[in-house]
Amino acid sequence: VLIAAGIAFVATLALVTSLGWDERARLFPQTIAIALLVLAVAEGISSARASRAPRGDDSPATQEMAPKATPEVPPEIATRREAVFVAWLLVFLMAIWLIGFELGFALGTVAYLRITAREGWRATVLLAAATFGAVWALENVLHVSFAPGLLLDLPR
Amino acid sequence: VLEAFAAALGALFTWPTFGYLTAGLAIGFVVGILPGLGAPTAMALMLPFTFGIPPVDAFALLVAMLSVTTMVGDITAILVGVPGEVTAAALVLDGHPLAKKGEAGRALGAALMSSLVGAVIGGAALLALIPVVTPIVLAFGSPEFLLLTILGLTFVGSLGGGTPLRGLIAGAAGLLLATVGLDPQTGIQRYTYGMLNLWDGVGLVPVAVGLFAIPEMLDLAIKGTSISTTRTAVGGVTDGVRDTFRHWRLTAVSSVIGTFIGLIPGLGGPVAQFVVYGQAAQTAKDPSRFGKGAIEGVLAPSAAMNSKEAGNILTAVAFGVPSTVTMAILLGAFLIHGIAPGPAMLTRNLDVTMSLIAVLIVAHIIMAAFCFAFLKQIAKLTFVRAGLLMPLLITFVFIGAFAERNSLFDVLITLGFGLLGVGMVRFGWPRPPLVLGLVLGGLAENYLFISTSRYGFDWLTRPIVIVLIALTFASITFAVLRNRRPPLANEHSELKRT
């Protein structure tokens with residue numbers, strides 16, 4: 001019900017935002033926003049009815065809400081690993097933003113393999129070098145224009 | 001036509017034409033494996049190199065590259081859950097679960113063989129359709145194309161199986177997402193909230209990669225093991241090949257649907273894959289298997305993805321209407337080489353058209369043979385432990401997200417949609433309709449604008465439009481009625497979550 005309410009809110013916001021636009025610009029977004037609003041209300045009603053119906057602990061809704069644990073991984077470890085994964089995504093993002101793609105991915109790989117994966121130096125150096133080489137090749141052979149790192153670009 | 005085709009096929013195996021074809025295959029293989037760096041990028045990069053070579057050689061290079069990028073995008077989608085091309089996103093749904101179960105070889109074998117069959121059927125359909133296609137395509141105007149996009153969306157929206165309403169909501173959300181950016185008619189900023197990065201809208205690659213790849217990576221990170229923990233079945237490639245012919249009807253129907261979708265301007269791989277996936281799920285005896293590793297969920301999209309290229313080529317050469325970005329670039333190549341697309345491509349320049357079809361088929365056969373030779377080695381990737389794989393996957397996903405528009409903002413979009421994808425999987429919302437809505441949104445708006453400008457609301461009374469409206473309602477009704485049936489055992493399946 002909460003998700004349906006959220007979608008209904010987004011649809012209403014889209015509708016309200018489009019009110020001041022030219023007729024040609026708003027025709028399609030308004031048509032879709034109204035349809036989305038109606039569908040979200042229907043979903044809300046449907047979910048509310050379903051939540052009132054008696055059900056056991058193994059009902060679909062309960063399963064959907066269950067933590068993302070597997071039989072081998074207890075929920076608390078699953079949650080911790082989730083947090084670590086998200087943190088690493090942010091670390092990689094910061095790395096490429098600050099020091100560019102080539103160095104950022106290579107250093108991110110070294111950090112991940114040493115800190116989280118606890119790999120040996122040989123595998124770490126090999127993979128980091130391969131990553132650096134692949135990104136370098138993309139930039140210099142296929143001419144993909146990677147953004148320069150913020151810190152490395154400062155002296156210029 | 002057949003004589004011209006035989007001559008084109010023979011010419012393909014002469015030097016240097018075959019050399020250009022091989023070069024196209026090699027470049028396409030590298031580019032196709034990386035998400036974001038798709039066929040359009042590769043073709044745009046290689047176009048200047050074709051200026052000084054004869055037209056047939058130039059098209060051997062470009063079309064071989066195009067064919068193979070579609071084919072190899074499947075490999076990463078199946079093995080690591082990261083679609084190498086947006087057009088391979090549907091393969092994540094069932095191909096990757098098969099890899100997790102230790103059946104990567106079978107999934108890859110099925111994907112490659114059905115790709116090959118799809119390309120051959122598409123090529124054959126193209127040959128057969130050349131004399132009759134003109135009146136069919138000309139009978140469709142903007143109103144009919146608009147209804148086709150809506151029909152496709154409702155068809156895939158009802159893919160949620162047990163949750164058709166959620167599928168339709170996801171599809172509508174995708175359509176709304178497509179309106180972000182500058183309005184093509186008036187130039188008004190829509191839903192950009194002053195952000196310059198949103199002026200060009202939301203990119204398809206960052207959204208698709210975020211929605212499909214990040215949840216799989218999170219799953220892998222939580223498990224902490226290799227993608228597959230079953231070490232018994234690295235093989236199974238021949239099983240996959242057999243599956244293609246065991247489900248020959250599905251493969252053939254998906255190929256034909258793919259070819260027809262390829263004929264419609266604007267629709268293309270992203271649409272074809274989900275429409276045939278929906279068709280496969282809707283017509284299966286036990287749809288609850290879909291999303292958990294149903295081989296039919298691999299066969300149908302792979303076949304359609306490759307057969308649709310034939311349809312794309314036909315509209316490009318016969319009408320000069322490019323159905324996709326890659327076809328627009330190919331048309332550019334035609335013009336550079338002094339060839340005007342149009343009816344003459346089916347008469348005076350028939351040799352060029354036939355060489356395109358021949359390249360399409362031969363490129364698939366060569367690449368399938370190459371992949372089959374190394375498939376067992378490729379499938380072993382699923383046994384690499386998560387710790388080693390994760391930084392490579394993160395690199396892969398970030399580069400893919402960035403490369404489409406060279407924008408760091410797109411990496412943020414990928415992360416945002418990754419979060420959304422995780423939530424959608426966890427709370428039982430289907431993801432394909434959202435992607436499809438995003439693909440179709442721009443087209444649907446354009447068709448709606450032209451239809452209302454040209455016909456007012458009278459376009460709603462056109463006969464083909466009425467038939468398509470009826471089909472749309474029938475599709476929704478069918479999904480709703482199916483939802484009301486008593487649940488099958490273990491019906492709460494991944495299908496609901498995909």
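Is Asp22(A) buried, partly exposed or exposed? In this predicted model, Asp22(A) is partly exposed, with a relative accessible area of 30%. The legends below begin with the close-up of this residue.

**Figure 1. Asp22(A) and Arg24(A) form a salt bridge within chain A.** The closest N and O atoms of the two residues are 3.4 Å apart. Arg24(A) is partly exposed, its relative accessible area being 44%. Asp22(A), at 30%, is likewise assigned as partly exposed. Over all chains, the structure holds 15 salt bridges.

**Figure 2. Chain A consists of helices, with zero strands.** The number of helices in chain A is seven. Read from the N terminus, the order of elements is α-α-α-α-α-α-α. Chain A contains 156 residues, of which 35% count as buried. For contacts in chain A between residues at least 6 apart in sequence, 49% join residues at least 24 apart. The exposed area of chain A is about 9200 Å², and carbon and sulfur atoms supply 68% of it.

**Figure 3. Chain B combines 21 helices with two strands.** Chain B has 498 residues, and buried residues make up 65% of them. Of the contacts in chain B between residues at least 6 apart in sequence, 81% join residues at least 24 apart. Chain B exposes about 16700 Å², with 70% of this area supplied by carbon and sulfur atoms.

**Figure 4. Chain B and chain A bury about 5300 Å² between them.** The size of an interface is often given as the accessible area lost when the parts come together. Carbon and sulfur atoms account for 79% of the area buried between chain B and chain A. The contact involves 56 residues from chain B and 55 residues from chain A. Between the two chains, seven residue pairs are in polar contact. On the side of chain B that touches chain A, the elements giving two or more residues are helix H9 (164–177), strand S2 (189–190), helix H10 (204–223), helix H17 (386–403), helix H18 (408–426) and helix H19 (432–455). H17(B) provides the largest share of this side, 11 residues. By residue class, this side of chain B divides into 37 nonpolar, 11 polar and eight charged residues.

**Figure 5. Glu119(A) and Arg385(B) form a salt bridge between the chains.** The closest N and O atoms of Glu119(A) and Arg385(B) are 2.7 Å apart. Three salt bridges are found across the interface of chain B and chain A.

**Figure 6. Asp219(B) and Lys100(B) form a salt bridge within chain B.** The closest N and O atoms of this pair are 2.7 Å apart. The salt bridge links distant parts of the chain, since Asp219(B) lies in helix H10 of chain B and Lys100(B) in helix H5 (residues 89–100), 119 residues apart. Asp219(B) is classed as buried because its relative accessibility is 12%, under the 20% limit. Lys100(B) is partly exposed, with a relative accessible area of 23%.

**Figure 7. Glu296(B) and Arg289(B) form a further salt bridge in chain B.** The closest N and O atoms of Glu296(B) and Arg289(B) are 2.6 Å apart. Glu296(B) is buried at a relative accessible area of 11%, whereas Arg289(B) is partly exposed at 33%.

**Figure 8. Four charged residues of chain B are linked in a network of salt bridges.** The members of this network are Glu103(B), Arg106(B), Asp243(B) and Arg246(B).

**Figure 9. His364(B) is a buried residue of chain B.** His364(B) belongs to helix H16 (residues 350–379) of chain B. The relative accessible area of His364(B) is 1%, so this residue falls under the 20% limit for a buried residue. Not counting residues up to four places away in sequence, His364(B) touches Ser67(B), Met71(B), Ser115(B), Leu116(B), Ala119(B) and Asn306(B).

**Figure 10. Ala6(B) is located in helix H1 (residues 2–12) of chain B.** With 48% relative accessibility, Ala6(B) counts as partly exposed. Along the chain, Ala6(B) and Asp351(B) are 345 residues apart. The C-alpha atoms of Ala6(B) and Asp351(B) are separated by 9.9 Å.

Notes. Residues are numbered from 1 along each chain as its sequence is written. Chains are lettered from A and ligands numbered from 1 in the order in which they are written. This is a predicted model: local features need pLDDT of at least 70, side-chain atom pairs count only at pLDDT 80 or more; totals for chains, interfaces and linings use all residues. Side-chain values use heavy atoms; hydrogens and water are left out. Helices (H or I, at least four residues) and strands (E, at least two) are DSSP runs, numbered from the N terminus. Buried means under 20% relative accessible area, exposed over 50%, partly exposed in between (1.4 Å probe, protein chains only). Contact means heavy atoms within 4.5 Å. Accessible areas come from the Shrake-Rupley method with a 1.4 Å probe; for residues, only the protein chains shown count as cover. Buried area is the accessible area (1.4 Å probe) that two parts lose on being put together, summed over both. A salt bridge is a side-chain nitrogen of Lys or Arg within 4 Å of a carboxyl oxygen of Asp or Glu. A polar contact is a pair of N or O atoms within 3.5 Å; within protein, one must be able to donate a hydrogen and the other to accept it, and residues adjacent in sequence count only if both atoms are side-chain atoms. Ala, Val, Leu, Ile, Met, Phe, Trp, Tyr, Cys and Pro count as nonpolar, Asp, Glu, Lys and Arg as charged, and the others, Gly among them, as polar.
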